[in-house]
Each structure stands twice: as structure tokens, then as C-alpha cells.
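Q: I am new to this structure and should like to learn how to read it. Could we proceed feature by feature, with the general idea before the particular case?

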Amino acid sequence: MDNTRYEYWPLIHRPRLELPNGARLAFWIGYNIEHFEVDKPSTSIFDGTAMLQPDPLNFGWRDYGARVGVWRMMDLLSQHNIRASVTLNSDVCARYPQIIEEGNKLDWIWLAHGKNNSIFQTGMSPDDERAYLADVITTIKDSTGKQPRGWLGPALTETFNTPDILAELGVDYVLDWCNDDQPYPMKVKQGRMISVPYSIEVNDIPMFVSKGYTGEQFYQAVVDQFDQLYAEGAQTGRVMGLALHPFIINQPFRHKYLARALEYITGHDDVWLTTSDEIAEWYYREYYDSVTQ
């Protein structure tokens, strides 16, 4: 079947995007703060024990993020005046409320990222998925004090109904599709929806876990991504999302390479250090109506 969520729209046929304050590039960090169920396999550093119940090796590796990594990240981002756009499992709200409390102090942005990263809604009926998503969004709103505007599926998963249901529930942008360097409109049955650029390649799970990158290689990939988009941004605005996980990038031996990359990026003029919410707000305000007419 054909994909009917969005139209093919070549970059060269689009209007020039003018970012705020004449910036060339909008840079934002998608920070995945997640909960994992102890008796289900998930992202693993060692597949040999991934199917065991429990699996202390892999569960403990993931659990490092909420216990230690996120606090290291808060210090680093504060140094650079960067607010994280947190893709948040709603189970985090009850299990690690201190993260919500401290994140609110830093004015972090909260996006819906499912209940936890052990559950995907693939295969759910529309009614079951609607109830599931409503619970996720309500839990995050009640815990953080803010209605989440954005969505990232656990492992970037959706059903064919997910964007329609999210639009009904007040979410107006998604990150799952990873196919562009600019926001663009998506089709939903009611309301409105856009895609905001996220990244599956410049993402610490594929780079470190799948490809075995070193910290130096991670740094170089991030800088190379930035340099190319920054150069292209002289012609029309670009968006660079950097997708990170506290149990991976904030390990002590990797953390300094993220610090170096952020030092490099923030050392450039004409970079909008922003959040996914602010990118969506800017696009809706400046471009959405004109490009959907």
C-alpha cells in the first residue's frame, strides 16, 4: 500500500525558510528518558542474556540513565543554556518523579514517548490505542503541569492510526519519520499535524550500540552533520536534531565527547539553540497555513 501520511515534496521546490533572528540552523536535543520493564527484552548491550528474566546485565545498563546519567546531562546542558526536549515515557512520572521536578526547574520540554520502552502499540485496535495514548498524555500532563505537544514512539513505532489519534488528543507534531531536514505538514483526519526533524543516524543508540562508534567518532559525526547543515542553511533554514539517551551518551567515558560537540556547535553564530516545541510553534506561525493551502 502507498504511504498517505504526507506528500513527496522535493526540497528544491519549497519556499525559503527564514529561521528566527536570521539563524541558519535550528539545533535541538531530543533526550530520551525512559522506563523499562524488568521482565521484557529491550535495547541491549549484550544479546546473550537479553531474553533472560530478569536480565541484570542489560537492565542495569539501561537503568544507569535514570540513576546517574540524566543528572550529568542536566549539568552539561545548563552550562550551554540548552533546554532538553525530553521524549518521556509516562511511567517515568511515577517511578522517577525527581527527574520531572528537576527538569521543570530547568524549563525542559516534555514530549509523549509512550508508557514505557517495553510496550509498543503496534497491533492495538483503534479503541485500545486511543485509551492507551490518552492515558500516556494525561499522565505526563498531570505530572509535569504541561500538555505534551509532541510525540516520539517507543523505538519510533506507530500504527496506521497513531497520528490521527494523537491529533484528537492535542498533539500537533511527531518525530518518528526521520526523513527531512525541515518541518513539513502531515495528513490527519481532523486537526493538524507536522513532522519535526529528528535523527536515526545521528542518534547515540545506532552509533554506539549498532555501529560500535568510539567517542571520537561520535564527536566527528555530530560535527560533520552540523557543518553540512550549517553551510546549507545559508540558502534556506535547516533543523538539526540530536537524539540522545542518558544510559548511553552520559556514560563517563563518552560524556566528554558530547561536551566537546556542544562546545563546537554553540561556538558558532547564527545558530538557534531551541526546543522541538519552539520549532513547531515557529513553523505553524510562519509557514503552515501557506504551504497547506
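A: Let us begin with strand pairing. In this predicted model, strand 1 and strand 2 (residues 85-88) run parallel and are joined by 4 bridges. One of the facing pairs consists of Tyr31 and Val86 in strand 2.

Q: Which strands, besides strand 2, are joined to strand 1 by bridges, and in what sense do they run?
A: Strand 8 is joined to strand 1 by 7 bridges, and the two run parallel. Strand 9 (residues 271-273) is also parallel to strand 1, with 3 bridges between them. Ala26 has a partner in each: Val239 stands opposite in strand 8, and Trp272 is the bridge partner in strand 9.

Q: How are the side chains of a strand to be read?
A: In a regular strand, side chains alternate between the two faces of the sheet. In strand 1, Leu25, Phe27, Ile29, Tyr31 and Ile33 point one way, while Ala26, Trp28, Gly30 and Asn32 point the other way.

Q: Why is strand 1 described as largely enclosed by the rest of the structure?
A: The reason lies in burial, for which the cut-off is a relative accessible area under 20%. Because 9 of the 9 residues of strand 1 are buried, the strand is largely enclosed by the rest of the structure. The residues pointing either way from strand 1 are all buried.

Q: How does one describe a pair of aromatic rings?
A: Such a pair is described by the distance of the centres and the angle of the planes. In this structure the count comes to 14 aromatic pairs. One of them is formed by Trp28 and Tyr198, whose ring centres are 6.1 Å apart; their planes stand at 40°, so the pair is tilted. This pair links distant parts of the chain, 170 residues apart: Trp28 belongs to strand 1 (residues 25-33), and Tyr198 to the loop between strand 7 (193-195) and helix 6 (204-210).

Q: Are Trp28 and Tyr198 buried or exposed?
A: Trp28 has a relative accessibility of 0% and therefore counts as buried. Tyr198 is buried as well, with a relative accessible area of 6%.
A second pair offers another geometry. The ring centres of Trp61 and Phe247 lie 5.0 Å apart with the planes at 80°, so this pair is edge-to-face. Here too distant parts of the chain are linked, 186 residues apart: Trp61 is in helix 1 (residues 56-79), and Phe247 is in the loop between strand 8 (238-244) and helix 8 (252-266). Both residues are buried.

Q: Which residues form an aromatic cluster?
A: Trp272, Trp282, Tyr283 and Tyr287 form one aromatic cluster.

Q: Which charged residues lie over the face of a ring?
A: Arg192 lies over the face of Tyr288, at 5.8 Å from the ring centre. Arg254 is placed over the face of Phe208, at 4.5 Å from the ring centre.

Q: Where does helix 9 bend?
A: The bend is at Tyr284 and amounts to about 50°. The span can be read alongside it: a straight helix of 17 residues would span 24 Å, whereas helix 9 (residues 276-292) spans only 21 Å between its end C-alpha atoms. Tyr284 is among the buried residues of helix 9, which also include Trp282, Tyr283, Tyr287 and Tyr288.

Q: How many disulfides does the structure hold, and how accessible are Cys93 and Cys178?
A: The structure holds 0 disulfides. Cys93 counts as buried at 8% relative accessibility, whereas Cys178 is partly exposed, with a relative accessible area of 26%.

Methods
Residues numbered from 1 in each chain as written. Predicted model: local features only at pLDDT ≥ 70, side-chain atom pairs only at ≥ 80, totals over all residues. Heavy atoms only, no water. Disulfide = S-S within 2.5 Å. Buried < 20%, exposed > 50% of the residue type's maximum accessible area, 1.4 Å probe, protein only. Phe/Tyr/Trp six-rings, centres within 6.5 Å; stacked < 30°, edge-to-face > 60°. Lys NZ or Arg CZ within 6 Å of the ring centre and 35° of its normal. Expected span 1.5 Å × (residues − 1). Bend = angle between axes of the 7 residues up to and from the residue. Pairing = 2+ DSSP bridges.
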